[in-house]
Amino acid sequence: MESAGASAPIPLSIGENKIKIKVTAGNGDYKFHTLTVIRSDSSGNGNNGNGSGEGNSGQIDPVAWTKTIEDDTIIMSSNKDENRAELSILVAEIVKHKGLRVEMPNLTLDLPTDLIGSRRGSAQQWMNGSLEINISELEEFEAQKLLNRAMVSQYAQLKPFGPLFEIDIKLVANDGAEKTINQPVILRFPVDPSIRPQASGIYRIDMDGTLGFIGGKLEGGQWVAEVQHQGQYGVLSLHKTFADVPSGHWASGAIERLAAMLIVNGTSKETLDPDKWTTRAEFIAMLMRALKIEAEGELTFTDIRPGSWYEEAIASAVGAGIVTGKSDSIFDPNGRMTREEMVTVMMRAYRVLKGTDLNETEASAFNDEAAVASWGLNAVRAAASLQIIQGRTPSLFAPKETATRAEAVIMLTRIMNEMD
């Protein structure tokens, strides 16, 4: 159906009717939506146009969905070979159980216990309302348009492994008021056997092509990840090559992995400069992305320009107690990061996330340990005991030398492995 106003009358058969609607924005972009309308027969059976799902009447269309209760969790299983869900489920029904699961051929969505439990003390209008779940598989041409935009912004090749999905979940009160659900939900995608996990994962793609790496873990033949926001998601592989990182480069595997995770960026569209020194701002930004550390901090440094690309990362690192400045007023974001500085900051982050004491007393095997600054000695010893760091030679750590971008990638990869 395509119309600038009201359409001509559409005849409806008894049972399920699919209506394809084209919506065009002012800039010419358009999107198709498929609306399912179920027409009841003269005896009043059916779900009164609530679509394939459960409406406020509490009735479920048995043709589209099977509802079961397993381990005190509501399971909504699609009976059709399509990746689409338009469900309206009473909140009062959900809060009686531990959670809700929606199962489709290429996606399973779990709403954890706290998603529903956190609403128990809310206003009665929400408790008497419904949870609206709208999940749709993007049309092939629309998915490719998003992927093209993302490839342009990332200067990389993207390959989807399965459909891309648009997910929207909200509470709707009886008076029509709406409240977006922002609590985490769990997405489960079936794994394609040909996928390379080190260069793949669950990604979010915004409509402008902005790409966000969610990651996830492989569990029982599925990619599983917790997502905080609603939008478009799918399993993708990201392949990004750099002209100055040949396949035989000693750090090529780690660079490929961190580039796919959107942790490391090139110095240009085609180059990484692996042997170039790492700035303090570059390493802090990569570290915060790699370990997904979020904290609020107030910056007093006069050389941190408001709105700069590294401002948020440095503020978070300061707030988490991971990094300090050269002085109370100077951070030196463009200064070179030494190897002892990099290890010290990295091990502070490790301690913050792990919450455990480190082995900081056992001397390392480096012959130049005496050259390590007193403020970094414990971190170097702890990193050496965990085999996160290696020397420039088997016996020399070279603490005062500048860390290269390739070395930074390798160390980040090792500490990420240690965190898993």
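User: I would like to learn how to read a sheet, so which residue is the bridge partner of Met76 in β6?

Analyst: The general idea comes before the case: strands of a sheet pair through backbone hydrogen bonds, either parallel or antiparallel. In this model, which is a predicted one, the bridge partner of Met76 in β6 is Val102, and Ile74 has Leu100 as its bridge partner in that strand. Both belong to the pairing of strand β4 (residues 73-78) with strand β6 (residues 99-104), which runs in the parallel sense over five bridges.

User: In which sense does β6 pair with strand β7, and over how many bridges?

Analyst: β6 and strand β7 (residues 107-111) pair in the antiparallel sense, over five bridges. A hairpin of two residues joins β6 to β7, and Glu103 finds its bridge partner in β7 at Thr108.

User: What is the order of the strands in the sheet that holds them?

Analyst: The sheet is an open one of seven strands, with mixed pairing, and its order is β3-β4-β6-β7-β12-β16-β15. At the edges stand β3 (65-70) and β15 (217-219), each with a single partner strand, so one side of each has no neighbour in the sheet. From one strand to the next, the twist averages 25 degrees. For the wider setting, the protein has 10 helices and 17 strands.

User: How should I read the empty space, and how much of it lies in the largest pocket?

Analyst: The general idea is that rolling a probe the size of a water molecule over the atoms shows where empty space is left. Here the largest pocket holds about 2000 Å³ of space, and 45 residues line it, with Phe213, Ile214, Arg289, Ala290 and Lys292 lying nearest its centre. The elements that each give two or more residues to this lining are the strands β13 (200-205), β14 (211-215), β15 and β16 (222-227), together with the helices α6 (280-291), α7 (311-319) and α10 (405-419). Sorted by class, the lining of the largest pocket has 24 nonpolar, 11 polar and 10 charged residues.

User: How many cavities of 30 Å³ or more does the structure hold, and which residues line the largest cavity?

Analyst: There are four cavities of 30 Å³ or more in the structure, and the largest cavity contains about 60 Å³ of space. Its lining is made by Ile167, Ile169, Ile181, Gln183, Val185, Val227, Gln228, His229, Gln230 and Tyr233. By class, the lining of the largest cavity divides into six nonpolar residues, four polar and no charged.

User: Let me turn to a single residue: is Met347 buried or exposed?

Analyst: A residue counts as buried when its relative accessible area is under 20%. Met347, which is found in helix α8 (residues 339-354), has a relative accessible area of 1% and is therefore buried. In the protein as a whole, 47% of the 420 residues count as buried.

User: Which residues does Met347 touch, leaving aside residues up to four places away in sequence?

Analyst: With those residues set aside, Met347 touches Leu358, Ala379, Ala382, Ala383, Leu386 and Ile388. Take Ala383 as a case to follow in the structure: Met347 and Ala383 are 36 residues apart in sequence, while their C-alpha atoms are 7.0 Å apart in space. To set this beside the whole protein, consider the contacts between residues at least 6 apart in sequence, among which 68% join residues at least 24 apart.

Methods:
Residues numbered from 1 in each chain as written. Predicted model: local features only at pLDDT ≥ 70, side-chain atom pairs only at ≥ 80, totals over all residues. Heavy atoms only, no water. Pairing = 2+ DSSP bridges. Helix = DSSP H or I, 4+ residues; strand = E, 2+ residues; numbered from the N terminus. Axes fitted to C-alpha atoms, helices over the stretch in contact; angles between N-to-C directions. 1 Å grid on protein atoms, 1.4 Å probe; cavity = no way out; pocket = protein on both sides within 12 Å on 5 of 7 lines; lining within 4 Å. Points joined across faces, edges and corners; volume = space filled by probe spheres on them. Nonpolar A, V, L, I, M, F, W, Y, C, P; charged D, E, K, R; others polar. Buried < 20%, exposed > 50% of the residue type's maximum accessible area, 1.4 Å probe, protein only. Contact = heavy atoms within 4.5 Å.
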